[in-house]
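Q: Please walk me through this structure, explaining the terms as they come up.

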Amino acid sequence: MNYLVRPLQVLYNIYAMVLFVAIMLLLFPFVIIASFFGKIKGGNAIWRICCIWGDLWFPLIGIIHRNRFEVPLHKGEPQIFVANHVSYIDAAIIVKVFRLPLRALGKVELSKVPLFGFIYRNAIVTVDRSSAGARAKSVAQLKAVLRKGISVLVFPEGTFNETGGPLKSFYDGAFRVAIETGTPIRPVLLLDTWSRMPPGKLFTITPGRSRAVFLEPVPVDGYTLQDVAALREKVYAMMEAGLVAHKAAWIRQQPVLA
């Protein structure tokens with residue numbers, strides 16, 4: 001049956017990519033207009049435009065997304081969201097997951113992609129991990145965004161988790177910023193992006209469900225910079241347990257949970 005299914009999958013992926021670009025081109029003039037309103041108002045408007053893009057693209061390619069909240073989300077309070085990272089489609093699905101003013105921390109390399117890069121640069125905070133100075137600048141931008149009352153999103157694993165376990169190790173950055181700014185951490189589980197588009201292969205997008213689970217927020221009151229590791233490990237343990245409980249599809253190695 002594979003020789004029949006594979007051509008259909010390739011055609012579906014071509015359809016998805018053409019639609020991806022077509023909707024982007026349709027909305028791009030509005031992105032250009034919004035960019036003239038500055039980093040805050042313009043950035044918020046561009047984020048809303050990206051959400052409209054997602055509201056069109058995902059249903060048209062048969063990916064239906066749902067959010068679940070263990071504790072209600074208070075949209076008026078800035079938070080640092082941290083999410084697991086297993087697929088290229090993670091970067092796209094966030095416009096369906098986070099329906100509030102947000103700036104994600106993303107790799108600077110993607111800002112060089114024609115057309116998409118312009119939207120990317122204006123909607124997120126880029127990070128260049130090649131130098132300490134560039135990383136410090138990105139951290140300063142995240143703090144400035146939080147001071148404006150806008151939430152941020154960080155993938156603390158940094159790159160795709162291809163370990164076979166629920167998560168790979170976390171970087172400290174998000175947790176250090178949380179302590180320094182007094183901003184609570186809100187862990188988020190992306191449960192189905194690996195199934196919708198496994199990493200490492202071409203033409204692998206598949207229709208189906210997409211779920212995000214918002215775990216309990218983790219307040220940082222009482223934490224100091226000496227407690228960064230403790231905060232990081234607490235959030236890691238929460239997310240690991242959640243991914244195991246939901247039987248995340250990419251898990252091949254079961255962790256030993258305390």
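A: An open sheet of seven strands, with mixed pairing, runs in the order β1-β7-β6-β2-β5-β3-β4; strands here are DSSP runs of E with at least two residues, helices are runs of H or I with at least four, and both are numbered from the N terminus. The model is predicted, so that local features need pLDDT of at least 70 and side-chain atom pairs count only at pLDDT 80 or more, while totals for chains, interfaces and linings use all residues. Residues are numbered from 1 along each chain as its sequence is written, and side-chain values use heavy atoms, leaving out hydrogens and water.

Q: What makes β1 (63-69) and β4 (124-127) the edge strands?
A: Each of them pairs on one side only, where pairing requires that DSSP finds at least two bridges between two strands.

Q: How do you know that β6 and β7 pair?
A: Strand β6 (residues 185-190) and strand β7 (residues 208-214) are joined in the antiparallel sense over three bridges, and because at least two are required, they count as paired. Within this pair, V188 stands opposite F214 in β7.

Q: Why is L11 called exposed?
A: L11, which lies in helix α1 (residues 2-35), has 55% relative accessibility and therefore counts as exposed, the term for over 50% relative accessible area, with buried meaning under 20% and partly exposed in between (1.4 Å probe, protein chains only).

Q: Why is N13 called buried?
A: N13, also in helix α1, has a relative accessible area of 3% and is therefore buried. Apart from neighbours within four places in sequence, N13 is in contact with F203, T204 and I205, contact meaning heavy atoms within 4.5 Å.
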